[in-house]
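Trainee: I am new to this structure and would like a close look at a single part of it, the closed barrel. Could you walk me through that part and then show me what else goes with it?

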Amino acid sequence: MRTATVGLVFAALALLGAWLASPRQGRAYVEAPYTLGRVVVESSHICVLRVEQVERERNVIVYRKVEDLKGKHPTEIVRHTIGRGGFHPREWQITMEWAAPGKIAVFFHNGNASETCIDMYWYQCYGGGDNWSMSHAEPYLLRSYAGRADRLIPLLRAMLAGQEVVVPCMVDGDKNALQLRTARIQRLKASLKILDYNAQRDFVGWGGLEDIRPLAGWPGFRQIATLPRLPGVRGVALADCNGDGKPDLCLYGDSRVALVQNEGTGFTEWTLPYSGPARAAGCADYNRDGQPDLLLATPTGPRIFANLGQGKFRDESPALPAEPYPACSAASWIDYDGDGRPDILWATSFHGLRLYRNLGSPQTVADTKLRFDKWHVIGPFDNTGGRGFTNVYPPEQEIALAKEYVGKNNVRVRWREMAFVDGQVNSLLPHFPDRSQVVAYLYRVIHAPVAMQLPVSLGSDDTLTVWLNGEKIHEENVYRACAPDQVRLVLALRPGVNHLLLKIGQGDGDWAFYFRAEEPQLPITQRFEDVSVRVGLGPSGLGAQRRGSGLFVADLDGDGRQDFLCWAEPPLLFLNRGDGFHMVDNCGLDFRPVRLPPLLVDLDGDKLPDLVVPLADGCRIYRNQGEGRFADVTAQTGALATLRLPVSCVAWGEWSGSGKRDLFLGCIGAPNRFLRAEAPLRFVDISDELRLHQRIFNTRAVAIVDLNGDRAPDLILLNDAQESVVLYGDPNYWTTKMAQSESRGSVGE
């Protein structure tokens, strides 16, 4: 990299004084892991800042000092010019996306070099007083602290008072995961005495402190956890995605989809190869590999993501039939033909219902594993004045590993095998005596058993040119520090031997490259067929003129086949007759408006799912009478009959252990409600006993599941305009209090 363009290195806070005294300052990430204690000790000033104003035209954040935690910062106003600083555009983009009036940051500095902690990110600035300019982000400091900035403040106060605390941090190792903020969260001890980084010694547990914390004053619940915030959240799908025996969460809504791993003691968000919204989500093992796959109803049609294990998913939507009008309002898995393979039922926005039949697992290649040969390097060649970027040297004309060529200054050069490590920045400096104004080539062979697409991440210090099988596929005449993901390419590999050649140009200073291969993309063949017309659906079939906002699958008539409800106005009920669907007229569900998703659950023990419908003024229960007929029995349901609250969602659970199915109602603008089943289809409201009136969550969607294996149902509350949370059930409460209530008839008597 060119020394003329370098800025501040706050790469080691311990060396800050020496660097600040030096006229030549470098520019790099914090490579060595730091404990939070060392960050605190080696900062002369630590203060709490609150965002006062955001100037997005110039990417400037104006802060006001809230509190001095260490030292005394001289000004009340602190301006951070973010600009477009950093080694990658995401660095300033993440910072500016976070910035909003009222947000809290923690500012560490030594007079004119600083690190700022914002929510789940750090960035570095250089300046002084009230004016600072961003140099680059500091994602590797997530190994010191990874969490919300406002939750760091009490931890710092305790540490400065001489106490030992426990802090959430990202795991060291995978630098790319740190930069993308996807590394696993662990909890480590921290204090002013713990200055050397030793994660094994200081390890406390997995998951962030902000994820799970004690909950006092809520009978029946003992802990609370926060979940990723999704504006416009719609719901959650549950499945054990990684085979650890714990249900994981797929949150979906109008803004995005978040796939969240349940670690028992915390949550970690996995990366999904999709960044858009979803109107519905569901999990099923469609390819019969033993792992649940994901189905999303998206505005551009249904999409499926195959579970590759270890939190990785691949978009296999090309396996679905082509659809001329793919706009999708709802989707669900359904085993229509009872063959054990999940089919896909989905509703188009304007052209009726579709059924895609699962054709079974595709043919697989016996060995689809790629093999990478070791890297070879040759150089240096001349790059004086930057001419090496366009000059054609022998490796661009032939790859002959045994031949010798003339390099810079008439030095004889030849190919050498190197043990470079994929997935980390590899320096070229130790391998060449001439390290200024030069060019080197890197070469390796990739063996592919079949034709496939291989996504790769590349980085370079400085210029980069890429050839695959003799064809130039990328070039960048840039001078920069090397980092992951500066270039992302998809290599079109042919069967057999593939030749990859990189050309790395060097100005002055550091000289390095980065390469990481991701999961290869095998050709995806069609694995579903459109049988919509055959089963009575399709553009001109049953229900084609209705726009359904939801599809709810269950055996509604007890014949062993999967039927479904289409949530339209009025709702449409379809029975599966084996040779097609039959739409039931006068099913007893003629009501409007139909907006909120219902709950199908057997409430009276007759093995037929009944229907609970949330409404703007309460709830209705429709008893399943068989043969696709329902009757409104709300008036007979006790406390539910008199409920007059804006109910937005409903879920069921068994808290008493007696087999009776209790109901939890999510409300908007009012406290949520808990209805305990005292008899089939009859409920008593115990919300006051559980003190649910303490907080209005504005819950849009709710799910009930045992997340931590303690046999007590836990509540997943997806909330509007605030954090979504998990309320962990207290097994001691439910085994004693509810048992007592059984003997008395109801809780609270």
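Mentor: Happy to! First, a word on domains: their bounds come from an automatic or database domain assignment. For this chain, which is a predicted model, that assignment gives domain 1 as residues 36–159, domain 2 as 212–227 together with 594–748, and domain 3 as 371–517. Between the C-alpha centres of domain 1 and domain 2 there are 43 Å.

Now to the barrel you asked about. Seven strands make up this closed barrel, and following them around gives the order β1-β2-β3-β7-β6-β5-β4, with mixed pairing. Direction ignored, neighbouring strands of the sheet are turned by 35° against each other on average. A good place to start is the pair formed by β1, residues 45–55, and β4, residues 104–109: these two strands are antiparallel and share six bridges. If you would like one bridge to find by eye, look for I46, whose partner in β4 is F108. Against this sheet packs helix α4, residues 149–160, which touches β1, β2 (60–70), β4 and β5 (113–118). The direction of α4 makes about 45° with that of β4.

It helps to keep one general point in mind: strands of a sheet pair through backbone hydrogen bonds, either parallel or antiparallel.

For contrast, try an open sheet further along the chain. Its four strands come in the order β38-β39-β40-β41, and the pairing is antiparallel. At the edges are β38 (551–554) and β41 (581–583), each of which pairs on one side only. From one strand to the next, the twist averages 25°. Inside this sheet, β39 (residues 563–566) and β40 (residues 572–576) are joined by three bridges in the antiparallel sense. One residue to look for here is L565, with L573 as its bridge partner in β40.

Finally, let us look at enclosed space. Searching the whole structure turns up one cavity of 30 Å³ or more. The largest cavity holds about 80 Å³ of space. Its lining consists of 15 residues, and the closest to the centre are T35, L36, L188, K189 and A190. Two or more lining residues come from each of β8 (165–170), β9 (185–190) and α6 (199–202), and β9 gives the largest share, with three residues. Sorted by class, the lining has nine nonpolar, three polar and three charged residues.

Notes:
Residues numbered from 1 in each chain as written. Predicted model: local features only at pLDDT ≥ 70, side-chain atom pairs only at ≥ 80, totals over all residues. Heavy atoms only, no water. 1 Å grid on protein atoms, 1.4 Å probe; cavity = no way out; pocket = protein on both sides within 12 Å on 5 of 7 lines; lining within 4 Å. Points joined across faces, edges and corners; volume = space filled by probe spheres on them. Nonpolar A, V, L, I, M, F, W, Y, C, P; charged D, E, K, R; others polar. Pairing = 2+ DSSP bridges. Axes fitted to C-alpha atoms, helices over the stretch in contact; angles between N-to-C directions. Contact = heavy atoms within 4.5 Å.
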